[in-house]
Amino acid sequence: MRKIVTGNKAVAEAVREAKPDVVAAYPITPQTEIVETLADYVSNGQLASQYIAVESEHSAMAACIGAAIAGGRTFTATSSQGLAYMHEMTNWAAGARLPIVMANVNRSLAPGWNLWAEHTDAMQERDTGWLQVYVSTVQEAYDTILMAFRIAEHQDVLLPVMVNLDGFTLSHIMQPFDMVEPGDFIPPIHLSEMIDPKNPKGYGTIAGPAEYFRFRWEIERSMREAVNVIEETQAEFGERFGRTYGLTEEYRCDDADVVVVSLGTLGKEAEVAIDILRDEGIKAGSLRLRWFRPFPELNLAGKDVVVIDRDYSFGFGGVLAHSIRSKNLVKVYSVIAGLGGQEVTYDDIAGFIRHRRIGEESWFGVNAHV
Amino acid sequence: MFEIRIHSRGGQGGVTAARLLAMAALNDGNFATACPFYGAERRGAPIVSFVRIDKHPIRIYSQIRNPDLIVVLDASVMPAVDVLHGLKTGGRILINSAHKQDFAGYVTNHVDLTSIALRENLMVAGSPILNTPVIGALARTGIVSADSAKSAIRGMFSDERNIRAAEAAYDEVST
Amino acid sequence: MEIITEIPEEEYVLKCTSACAGCGDSLTLRYVLKATGPDIVLVMPAGCTAAFQGIYPKTAYSVPVVNIAFGAAAACASGISRMFQATGRETRVIVYAGDGGTLDIGLQAMSGAFERRTDFLYICYDNEAYGNTGMQRSGATPLGAKTTTTPTGKTEAKKDIDAIIAAHNPPYQATACASYPQDLFRKVRKALTFHGPTFIHVLSPCPPGWRYSAEKTVEVGRLAVKSGMWALWECEHGKLTISTPTKAAMKKPVPLEEYLSLQGRFRGIEEKTVEQLKEQIQENFRGLAAGEVKP
């Protein structure tokens, strides 16, 4: 039966299906419903997890790290300030090669206190070694959390996975979705190096200049392997459960003269803009990037590229825009829009495309020519 | 696509009303999304919820600018909030009120949800429950079927007083 | 500064904050600011008080307020306090933080600031949960209380932050309650006669969190004290003085059930948990009678 739930609730439902051994939980708007729902499931017996109500987000990730080294499947959720506070430990989780899954409900960074959607929080984690994916519907949030556990725990990956949902825009919207019985889609976790006094090891000990760099290369090697693992996992999900996802979601891109690239719910809103432009005779398409780390190969040859960044790297530019410029060696029209939950409608997106200025950057709401 | 904006105060169940309406639309075989617009948790503050209903999957996330229908669960927000903002010409307003209301250029329906709730003893923490009866009133306007409205309510609440209140609102809403 | 028992009329919390109806925290803040007067800076981490100050470009507080990250209040206050010291400014530094921002995520920074003998007053308004995010449990949530992350009642006792502060040997620390505004006012004034870290822990009843009807805030706070669930006292250089309402409660406490039954968060609490709470109250009374903040 179709249910109608929020993005947050769908995440919690998927986590319940995945049966983590340990959940570390700390509230922060707009993620709080996830940790509350999981508390409910644990309390009424629907989820047999150890639930640790930690005292801060730094501790949330540290607790997940501990539980994972002890061989457990772990989950936590955060946003914005919480993710930033966690940052020392997100680095640790990836460096320690632990398959932790985390839902990050994208929210802007203070000051000022702003509760609404922005991707800068997750963008600031892009160097850590975490896999990152951005979802755009309640259904996709549910499906992707399930796949995240399997991808993270795959022997060729063994890296943590961050599933990003737009704060309020997706976390709080109610949409219909279908649940699945994963069955053996997510195999039981097996961490060969888990704590074992009979086979004692030191975890994360001192590594000198002659050794440390090798660990970092191993992370990158697994990141590259992860592309195959992601594609295989998504293909099998499609075969088993009827919904197939790609590294990206392309809408009317094949014969497009201009493509708009974005992350999250803006990628869905953009499709409405595309339909409007197509009716006007403009051959536009939308490319919603799903996986951000590892960054996929994109086919943008012969097309004008408009990139919407719901983030910014001060003194440099929009992170998605410069990722595409450098990966694809292409000039783009970089639009900075949606910061702090700034309203961006399909009409606005159509405007970005109609009035594009390739090679330039503009800040929606600030630059006069947008 | 049909767009509805619901005005209420935090703690009155406006968000649940949006969800029930979306569920009812789903039961009718349509697509629907429902979303609140608010920030930090603050009981008693005016809040707005959005519902979109369409035959096709809904890809719009931005706020509803020109609703077809406005629902006012608590008329006391009206001095502070322009509840009519953006309402399409000839659009409809459904207002929780004992008295007939008139807004020029729009169709206005009123129903006394509060007294229906009190009559059915449908209360929580001393306040009347408005979100299930309002679904009954909305069914009368035709945007969802009465059967789907009832199954949506039963899907969330086991207490049949909710159904009776919805049926009463269906009967009593002004047309 | 002279300790005056007449409470000034001037309000530093302006009307129309977005606080919930019956908010104990806003009541606490009003009296704190009446006691401090305007020559202060308030350091405010994430929490209810930061949320209801209003949205840019307006603010409901007519004193300087530095908003800061959730766990950083005491550290930020340390910086301000040392800067004022360096420049010879007399403006007082007051942290105004909730229980979450004090006992949990703020504990490290607070302990550091106290250990360094920072010249500031730290006020913890305690609504016994993470209020701003919708009532999840904190370390300050009492045993048996329901919150959204302890749906069947918290199974751990309330963390004793007063004992933790006492272990830092501050020149002055006290407890207060929003329902006893004169007592709170006097204690704030008293705390400001010291230059060195001082601490006041204020019980601030919360209608949506504790699940009672908004007009009962003062009554609920009074019952907390009269039943002994909350004790009012102050401690100056380790010398304890029990405040009058608690002296009365120690002689003849109101049955705890009267306090618990007013609040939805204790609905369905088990008998044995109530007994544990009563034992804890008796333990506290014994300690107070022996002149100890914590045995």
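What distance separates the centres of domain 1 of chain A and domain 2 of chain A, taken over C-alpha atoms? The two centres lie 27 Å apart. Chain A is divided into domain 1 (3-241) and domain 2 (248-363), with bounds that come from an automatic or database domain assignment.

The structure is a predicted model, in which local features need pLDDT of at least 70, side-chain atom pairs count only at pLDDT 80 or more, and totals for chains, interfaces and linings use all residues. Residues are numbered from 1 along each chain as its sequence is written, while chains are lettered from A and ligands numbered from 1 in the order in which they are written.

The contact between the domains (C-beta atoms, placed from the backbone, within 7 Å) takes 27 residues from domain 1 of chain A and 21 residues from domain 2 of chain A. On the side of domain 1, two or more residues are given by each of α5 (120-123), β6 (131-134), β7 (161-166) and α7 (212-241) of chain A; helices (H or I, at least four residues) and strands (E, at least two) are DSSP runs, numbered from the N terminus. The largest share of this side, 5 residues, comes from α7(A). By class, this side of domain 1 has 13 nonpolar, 10 polar and 4 charged residues, where Ala, Val, Leu, Ile, Met, Phe, Trp, Tyr, Cys and Pro count as nonpolar, Asp, Glu, Lys and Arg as charged, and the others, Gly among them, as polar.

Chain A also touches chain C, in a contact that takes 19 residues from chain A and 18 residues from chain C. The elements of chain A that give two or more residues to this side are α2 (32-43) and α4 (80-95), and α2(A) provides the largest share, 6 residues. The residues of chain A on this side divide into 10 nonpolar, 6 polar and 3 charged.

Definitions and conventions: Contact = placed C-beta atoms within 7 Å.
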